[in-house]
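Here is a short report on one chain. Look over the sequence and the structure first, then read on.

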Amino acid sequence: MPAPQGKPAAQLGRRDWLEAGQRLLRTSGVAGLKLRALAASLSISTGSFYHHFTDFDAYLVALAKYYSGEQLAANIGAVIRDAQTPYERILRASQLARDVALPELMVAMRAWARRDARVAAEVATLEQGLMDFLSACFTELGFGPDEAAVRAFVMLSAASGEVTHPEPHDRSLFGVAIIDLVCGGAPALRARKRPARVVAAGG
């Protein structure tokens with residue numbers, strides 16, 4: 001997400017600071033997460049930071065909790081509003097993750113979690129939330145609980161892994177191919193493709 005453009009300091013809210021922190025995490029990691037860098041990215045003074053956070057440690061805690069709480073709930077809510085069927089929800093979740101650069105953020109958050117147990121707890125909460133959401137989608141597609149969980153794990157691992165993306169494949173098309181792979185054989189999709197039974201006249 002781009003930084004707020006032309007937004008007066010008085011109108012900057014808590015979420016602006018949190019999302020600025022996420023942008024820094026993606027590009028510079030936790031080592032680059034400094035108050036001056038945050039303020040510079042928002043084109044404001046550091047003083048306005050203290051309208052929203054008591055100190056920088058409180059900000060770091062809020063940043064980790066935002067990732068696993070408010071932001072996760074908002075993203076899942078948007079997917080549910082936008083997509084009707086479980087297959088469409090899986091596709092929309094993948095598209096939204098790319099739109100908000102979630103894979104890059106997940107890599108940065110995991111790296112931070114290795115240094116801070118508080119962050120590790122929030123990373124675990126987010127990943128469990130995504131696993132639960134995806135597993136529910138696969139269950140609706142007709143897979144049993146174990147099959148649904150495995151497919152959710154494969155999809156989440158592919159989306160958030162640190163393996164270099166194979167070239168020259170288009171990343172979005174590659175993502176769709178993974179979705180088709182994990183959804184392959186879904187009873188609900190097979191039923192949808194089954195031709196309608198023709199009833200003979202008089203039968």
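## Surface and burial

How much area does the chain expose, and what share of it do carbon and sulfur atoms supply? The exposed area is about 11400 Å². Carbon and sulfur atoms supply 58% of that area. The chain has 203 residues, and 41% of them count as buried.

## Confidence

This is a predicted model. The mean pLDDT of the chain is 87. A value of 70 or more is reached by 82% of the residues. Over residues 194-203, however, the pLDDT is below 50. That stretch has zero contacts in the model beyond near neighbours in sequence. Where pLDDT is low, predicted coordinates should not be read in detail.

## Fold

The chain has 10 helices and zero strands. Along the sequence the pattern reads α-α-α-α-α-α-α-α-α-α. Take the contacts with a separation of 6 or more: 62% of them come from residues 24 or more positions apart.

Ser68 gives an example of contacts beyond the local sequence. This residue belongs to helix 3, which spans residues 56-68. Ser68 is buried, at 8% relative accessible area. Setting aside neighbours within four places in sequence, Ser68 contacts Glu122, Thr125 and Leu126.

## Cysteines

How many disulfides does the chain hold? The count is zero. Why is Cys137 not bonded to Cys183? The two sulfurs are 8.9 Å apart, which is too far for a bond. A disulfide would need the sulfur atoms within 2.5 Å. For Cys183, too, the nearest cysteine sulfur is that of Cys137, and Cys183 is in no disulfide.

Both residues lie under cover. Cys137 is buried, with a relative accessible area of 2%. For Cys183, also buried, the value is 2%.

Glu88 is a spatial neighbour of interest here. Glu88 and Cys137 are 49 residues apart in sequence, and their C-alpha atoms are 9.3 Å apart in space. Glu88 sits in helix 5, residues 86-99. Is Glu88 buried, exposed or partly exposed? At 36% relative accessibility, Glu88 counts as partly exposed.

## Aromatic rings

A search of the whole structure yields eight aromatic pairs. One of them joins Phe138 and Phe143. A ring pair is described by the distance of the centres and the angle of the planes. For Phe138 and Phe143 these are 6.3 Å and 65 degrees, and the pair is edge-to-face. Both Phe138 and Phe143 are buried. Phe143 has a further partner: the charged end of Arg151 sits over the Phe143 ring, 3.9 Å from the ring centre.

Which residues form one aromatic cluster? They are Trp17, Phe49, Tyr50, Phe53, Phe56 and Tyr59.

## Backbone angles in two loops

Most residues other than glycine have a negative phi. Ser43 has a positive phi of about 60 degrees, although this residue is not a glycine. Ser43 lies in the loop between helix 2 (35-42) and helix 3. Is Ser43 buried or exposed? Ser43 counts as exposed, at 68% relative accessibility.

Ala101 also has a positive phi, near 55 degrees, and is a residue other than glycine. Where is Ala101 found? The place of Ala101 is in the loop between helix 5 and helix 6 (102-113).

Notes:
Residues numbered from 1 in each chain as written. Predicted model: local features only at pLDDT ≥ 70, side-chain atom pairs only at ≥ 80, totals over all residues. Heavy atoms only, no water. pLDDT = per-residue confidence, 0-100. Contact = heavy atoms within 4.5 Å. Buried < 20%, exposed > 50% of the residue type's maximum accessible area, 1.4 Å probe, protein only. Phe/Tyr/Trp six-rings, centres within 6.5 Å; stacked < 30°, edge-to-face > 60°. Lys NZ or Arg CZ within 6 Å of the ring centre and 35° of its normal. Helix = DSSP H or I, 4+ residues; strand = E, 2+ residues; numbered from the N terminus. Areas by Shrake-Rupley, 256 points an atom, 1.4 Å probe, with all protein chains shown as cover.
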